[in-house]
Amino acid sequence: MPATVTLTDVVKDYADVRALDHLDLSIETGRITAVLGPNGAGKTTAVDLMLGLRRPTSGRVQVLGRAADDRAVRSRVGAMLQDPGFPEATTVAEVLHLVGVAYPDPMPLHEVLEQADLAGLGGRRIAELSGGQRQRVAFGMALVGRPDVLFLDEPTVALDVDARRRFWTRIQGLAADGKTIVFTTHHLAEADEVADRVVVIHRGRVLADGSPSAVKALVAGRTIGLTSTLSVQRLAALPGVEHVDESTTEPGPRPVTLHVSDVDAAVHALVSADVPLHDLTVRDAALEDAFVHLVASAT
Amino acid sequence: MSTLMTTPPTTPPTTSDLDVSPVIRRRPRDAIRVLSAQVAAEVRTNLRVPEFLVGAVSVPVLLYAMFGSAQAGEALPAGTSVAAMMAVSFAAYGIVSLAIFTFGVDIARERGQGWLRTRRVTPLPTWVYFAGKIAMALAYSVVILAGITVVAVTLGDVRLPMETWIRLWAVLASGAIVFSTFGFAIAWLARPRAASTIGNLLFLPLSFASGFFFPLSELPPVLAEAAPWLPTYHYGRVVWAQLAPPVDVTAWTGAEATGSLWPHVAWMLGSFVVFGILAAVGWRRDREATLG
């Protein structure tokens, strides 16, 4: 699959802080890539570099085979920034029209308003909008030029649950049309649900990179929940069990969670232990757990 | 940590793998579309800002109506109407304040809020932003000129040949372009939050010392002595000369008016260039800081 965006050995220093530390990253065409990381990990810096808003200290950033700030690249890229700073007395329609005319083949205004979930708000001034509505204007700005590549920096922070769902449905539709989508988030469930690929960044380096399930598998893979009287020591000694969380240290039956690398071996051992077991569940580790575990083990 | 790394699917592609469309050629028609969208947005946006309409557009007209038109009937030694001289002076003040506030304070605010940075991720060219601001300032200059002309003719009893009016309007409106770089310099050299204060601190003394509110000959000598060092004063000299013979300009300013306007024009052009360079330095510095 061809790459749309490549970062090659990129270092970015601010004064005495290293935001990106020899980062290599290649984003494939037509996929949804999530860039995940805690605050200060370098996510926004990486996106700013891909947008040509910042220059790398060293290394190379290419978008569509050219420098990120090349005019021809700008005509094919849409961006949703965290705080676009639209002029307050301007209307939604004026902002979207102005940005649209700069692109070779813009969407008609009514279409972009509908796509960005802004129907009926075209005549509103920016000053009159809520945070979520402003964020949708930023999304409209990213969409209006029918770009091939979309960069979305923390795109759903101010959206409510319904708006968020509609937003991701739209993004998945765009990906199905062959658009390349890169977004940053620390809303981990979203990366899990939406992304084809998750890149975990921490301290300016790639900590993990793969499909959401591959990233989750990097940590104990799965969890087993049960209610049991077995001690933590006995549970942890079972084959395939990596780590045990117990809800209480009180004697008697209590819910525990086992983080396991081998579900079959662990369940087999539990059954063979011949003690009462209740409420047995097996599930994938949430990406959240994987993420916390990854970051913790890297520090 | 390395044990946790999966192999990223990075096969560094060669350029030939990439789907690169030919560089979009911008035709002049496209540039005009973008520019007209920018100008329309600027003009309409300012119509919704009462502070702008009152402060920048109405105040010069109202001040003239209150102070200038009352001089109806008075004349300078060679017969030039005082009400007409006041009219062009208040128009000059209005246009200089428009330049400082729209080019300086407005842009500084949009820079501070990040809108200029946001525009950089779009294909919107930078020059369109500047051209849009200048076109908007010209449009509102014409509104100020129309307002003052109406008051001058009705209340001030000013009668001038049509060709004089046209020349006055053209010379006065050119001030919006000449002083645009002064505003741009404020916008990029001042901290965004300080720009409004700096604009206010600059434009009142400039207008007084240039003789826009009262004839310089009626002001304290210190102001009259400072005037020749102010580009706005030279703008005033070019404007007054459109209306009054040198003897009346001398009476009005208290400074000997020779026949030649070129020194004054040179001051205006020099100020345009010098502040343009300062603005460019500030713009570059800001760009380097945001890229850094």
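Which residues form one aromatic cluster with Phe208(B) and Phe214(B)? In this predicted model, the other members are Tyr64(B), Phe90(B), Tyr93(B), Phe101(B), Phe203(B) and Phe213(B). Across all chains, the count of aromatic pairs comes to 22. One of them is made by Phe208(B) and Phe214(B), and it counts as stacked because the ring centres sit 6.2 Å apart and the planes meet at 25 degrees, under the 30 degrees set for stacking. Neither ring is tucked away completely: Phe208(B) is partly exposed, at 31% relative accessible area, and Phe214(B) is partly exposed too, at 43%.

Another pair on chain B, Phe212(B) with Tyr235(B), is edge-to-face, with 6.5 Å from centre to centre and 80 degrees between the planes. Phe212(B) comes from the loop between α8 (195–209) and α9 (221–226) of chain B, while Tyr235(B) belongs to helix α10 (residues 231–241), so this pair ties together parts of the chain that are 23 residues apart in sequence. Both Phe212(B) and Tyr235(B) are buried.

Now for the nonpolar interior. The largest nonpolar core has 85 residues, and the members that touch the most others in it are Leu51(A), Val137(A), Phe151(A) and Ile171(A). Take Val137(A): with its neighbours within four places in sequence set aside, it is in contact with Phe86(A), Val92(A), Val95(A), Leu96(A), Leu118(A), Ile126(A) and Leu129(A). Apart from this core lies another one, made of 75 residues, including Met86(B), Phe90(B), Ile144(B) and Leu172(B). Phe90(B) also turns up in the aromatic cluster described above.

A polar residue deserves a look as well. Asn46(B) is part of helix α1 (residues 28–47) of chain B. Its relative accessible area is just 6%, so Asn46(B) counts as buried, the limit being under 20%. Leaving out residues up to four places away in sequence, Asn46(B) touches Phe52(B), Leu53(B), Asp106(B), Met136(B) and Tyr140(B).

Chain A also holds an open sheet of four strands, paired antiparallel in the order β2-β1-β4-β5. Its edges are β2 (17–28) and β5 (66–67), each of which pairs on one side only. Strand β1 (residues 3–14) of chain A is joined to antiparallel β2(A) by eight bridges; within this pairing, Lys12(A) has Leu20(A) of β2(A) as its bridge partner. Helix α1 (residues 43–50) of chain A lies across β1, β2 and β4 (58–63), running at about 120 degrees to β1(A).

Key:
Residues are numbered from 1 along each chain as its sequence is written. Chains are lettered from A and ligands numbered from 1 in the order in which they are written. This is a predicted model: local features need pLDDT of at least 70, side-chain atom pairs count only at pLDDT 80 or more; totals for chains, interfaces and linings use all residues. Side-chain values use heavy atoms; hydrogens and water are left out. A nonpolar core is a set of buried Ala, Val, Leu, Ile, Met, Phe, Trp, Tyr and Cys residues joined through side-chain atoms within 4.5 Å. Buried means under 20% relative accessible area, exposed over 50%, partly exposed in between (1.4 Å probe, protein chains only). Contact means heavy atoms within 4.5 Å. Helices (H or I, at least four residues) and strands (E, at least two) are DSSP runs, numbered from the N terminus. Two strands pair if DSSP finds at least two bridges between them. Axes are lines fitted to C-alpha atoms, for helices over the stretch in contact, and angles run from 0 to 180 degrees between N-to-C directions. Rings of Phe, Tyr and Trp (its six-membered ring) pair if their centres lie within 6.5 Å; planes under 30 degrees apart count as stacked, over 60 as edge-to-face and the rest as tilted.
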